[in-house]
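User: Could you take a close look at one part of this structure for me, the aromatic rings? I'm a first-year student, so plain words would help.

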Amino acid sequence: MTNQTIVLAITAYLFIGIIWSFIYYTIWQINPQSFHIDVSREYELKPWNLAMYFSLITLTTVGYGDIFPIGKWVMVLSNFEAMAGAIYLTVIVARLVSSYSTSDEN
């Protein structure tokens, strides 16, 4: 296992978040009421930035609560993204760790 493998795994994880942000951005353009945004915070409401932010906090399952889905399809999609993020981390990290320990013994 090389540093390039680790960088590739991180890049792929971030790429998943970017792909989902395109989906959320498209939904936002069709129906902005699919998301609830805490307007008490100072946001520069640029839909692309918020879609990216929502995607990455969903992918990492952090979910700060300042933006959340209220549309039926966005709820379903955000659940799939959260599961994809959790599965990616568990499978890829486990694979990398097992690969590292195997190559370390040789």
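Analyst: Sure, let's start with the setting. Keep in mind that this is a predicted model. The chain has 106 residues, and its secondary structure amounts to three helices and two strands. Going along the sequence, you meet them in the pattern α-β-α-β-α. Of the contacts with a separation of 6 or more, 67% are between residues 24 or more positions apart.

Now for the rings. There are nine aromatic pairs in the structure. One of them is formed by Tyr25 and Trp48: their ring centres are 5.8 Å apart and their planes meet at 80°. An angle over 60 degrees counts as edge-to-face, so that's the label this pair gets.

Where do the two partners sit? Tyr25 belongs to helix α1, which covers residues 3-30, while Trp48 is in helix α2, covering residues 47-59. The pair therefore ties together parts that are 23 residues apart in sequence.

Are these two residues buried or exposed? Neither label fits: Tyr25 is partly exposed, with a relative accessible area of 30%, and Trp48 is also partly exposed, with a value of 30%. For the whole chain, 28% of the residues count as buried. The accessible surface adds up to about 7,200 Å², and carbon and sulfur atoms make up 66% of that.

There's also a group of rings to look for. Trp20, Tyr24, Trp28, Phe35 and Phe54 are joined into a cluster by ring pairs. Of these, Trp20, Tyr24 and Trp28 fall within residues 3-30, the span of helix α1, and Phe54 falls within residues 47-59, the span of helix α2.

Key. Residues are numbered from 1 along each chain as its sequence is written. This is a predicted model: local features need pLDDT of at least 70, side-chain atom pairs count only at pLDDT 80 or more; totals for chains, interfaces and linings use all residues. Side-chain values use heavy atoms; hydrogens and water are left out. Helices (H or I, at least four residues) and strands (E, at least two) are DSSP runs, numbered from the N terminus. Buried means under 20% relative accessible area, exposed over 50%, partly exposed in between (1.4 Å probe, protein chains only). Contact means heavy atoms within 4.5 Å. Accessible areas come from the Shrake-Rupley method with a 1.4 Å probe; for residues, only the protein chains shown count as cover. Rings of Phe, Tyr and Trp (its six-membered ring) pair if their centres lie within 6.5 Å; planes under 30 degrees apart count as stacked, over 60 as edge-to-face and the rest as tilted.
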